[in-house]
Amino acid sequence: MADALLPLPDFLDEELFMQLITMSDGGDTSFLAECAVMFEEAFASTLPKLRASLADARCKDATAEAHFLGSTAGTMGCMQLLKLCRLVEAKSLANEIAPARAAFAEAEAHYAVVVAWLRSKALLS
């Protein structure tokens, strides 16, 4: 089953992602699928909060929410998404709301790409 995921897209850290695959019992991708569901749920609940925090220029809230999303992305090996979330975090921390909003738009678009790939590989429904 893991072979069906290969080759991995450039936005995934191959070493980290392959570790998630090997952590599944019996050589299937059940653990990876569980991680993908938790990843999607975390983003689905936090993206709207981050969007609202940025819209209202609540930089402290935006910093924390972006940090959480970056950590979540990193756990899945989504390094480009991690970098974008860290950029939102840094710009929010510096009270640079316009650049934070721009980085958020990029992060949100990249998240959609990641989810589409996870769905195409039947890791998400």
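Which residues touch the most other members of the largest nonpolar core? In this predicted model, they are Phe 17, Phe 39, Phe 43, Met 76, Leu 81, Trp 117 and Leu 118, out of 40 residues in that core.

## The core and its helices

Five elements give two or more residues to this core: helix H1 (14–22), helix H2 (30–55), H3, H4 and helix H5 (97–120). H5 supplies the largest share, 10 residues. In soluble globular proteins, nonpolar side chains tend to be buried together.

Phe 43 is one of the core residues that touch the most other members. With its neighbours within four places in sequence left aside, Phe 43 is in contact with Pro 48, Leu 69, Thr 72, Ala 73, Leu 81, Cys 85 and Tyr 111. Leu 81, a partner of Phe 43, is also listed with the core residues that touch the most other members.

## How H3 and H4 pack

Helix H3 covers residues 59–75 and helix H4 covers residues 79–93. Their axes come within 8 Å and cross at roughly 165 degrees. An angle over 145 degrees counts as roughly antiparallel, and H3 and H4 are therefore roughly antiparallel to each other. The crossing in which H3 passes H4 is left-handed.

On the H3 side, the residues that meet H4 are Cys 59, Ala 62, Thr 63, Ala 66, His 67, Leu 69, Gly 70, Ser 71, Ala 73 and Gly 74. On the H4 side, they are Leu 81, Leu 82, Cys 85, Arg 86, Val 88, Glu 89, Ser 92 and Leu 93. By class, this contact of H3 with H4 has 10 nonpolar, 6 polar and 2 charged residues. Leu 69 and Ala 73 of H3, and Leu 81 and Cys 85 of H4, take part in this contact; these four residues are also among the partners of Phe 43.

Ser 92 lies in helix H4. Ser 92 is buried, with a relative accessible area of 1%. Apart from neighbours within four places in sequence, Ser 92 is in contact with Leu 54, Cys 59, Ala 62, Thr 63 and Ala 100. Of these partners, Cys 59, Ala 62 and Thr 63 are among the H3 residues that meet H4.

## The loop between H3 and H4

Gly 77 lies in the loop between H3 and H4. Is Gly 77 buried or exposed? Its relative accessible area is 0%, and Gly 77 is therefore buried. Leaving aside neighbours within four places in sequence, Gly 77 is in contact with Phe 11, Leu 12, Asp 13 and Leu 16. Gly 77 and Phe 11 are 66 residues apart in sequence, while their C-alpha atoms are 8.2 Å apart in space.

## How H1 and H2 pack

H1 and H2 pack with their axes 6 Å apart, at an angle of about 120 degrees. The two helices, H1 and H2, are therefore oblique to each other. Phe 17, Leu 20 and Ile 21 of H1 make the contact with Phe 31, Leu 32 and Cys 35 of H2. By class, the contact of H1 with H2 has 6 nonpolar, no polar and no charged residues. Phe 17, on the H1 side of this contact, is also one of the core residues that touch the most other members.

## The segment before H1

Ala 2 is placed in the segment before H1. At 15% relative accessibility, Ala 2 counts as buried. With neighbours within four places in sequence set aside, Ala 2 is in contact with Ile 21 and Thr 29. Ala 2 and Leu 12 are 10 residues apart in sequence and 15 Å apart in space, C-alpha to C-alpha.

Pro 7 also has its place in the segment before H1. A cis peptide bond joins Leu 6 and Pro 7, with omega about -5 degrees.

## Positive phi in two loops

What is the phi of Ala 57? The table gives this value together with that of Asn 95.

| Residue | Phi | Location | Relative accessible area |
|---|---|---|---|
| Ala 57 | near 55 degrees | loop between H2 and H3 | 42%, partly exposed |
| Asn 95 | about 60 degrees | loop between H4 and H5 | 57%, exposed |

Ala 57 has a positive phi and is a residue other than glycine. Asn 95 likewise has a positive phi although it is not a glycine.

Terms used:
Residues are numbered from 1 along each chain as its sequence is written. This is a predicted model: local features need pLDDT of at least 70, side-chain atom pairs count only at pLDDT 80 or more; totals for chains, interfaces and linings use all residues. Side-chain values use heavy atoms; hydrogens and water are left out. Axes are lines fitted to C-alpha atoms, for helices over the stretch in contact, and angles run from 0 to 180 degrees between N-to-C directions. Helices (H or I, at least four residues) and strands (E, at least two) are DSSP runs, numbered from the N terminus. Angles under 35 degrees count as roughly parallel, over 145 as roughly antiparallel, 65 to 115 as roughly perpendicular and the rest as oblique. A crossing is left-handed if the near helix is turned anticlockwise from the far one by less than a right angle, and right-handed if clockwise. Contact means heavy atoms within 4.5 Å. Ala, Val, Leu, Ile, Met, Phe, Trp, Tyr, Cys and Pro count as nonpolar, Asp, Glu, Lys and Arg as charged, and the others, Gly among them, as polar. A nonpolar core is a set of buried Ala, Val, Leu, Ile, Met, Phe, Trp, Tyr and Cys residues joined through side-chain atoms within 4.5 Å. Buried means under 20% relative accessible area, exposed over 50%, partly exposed in between (1.4 Å probe, protein chains only).
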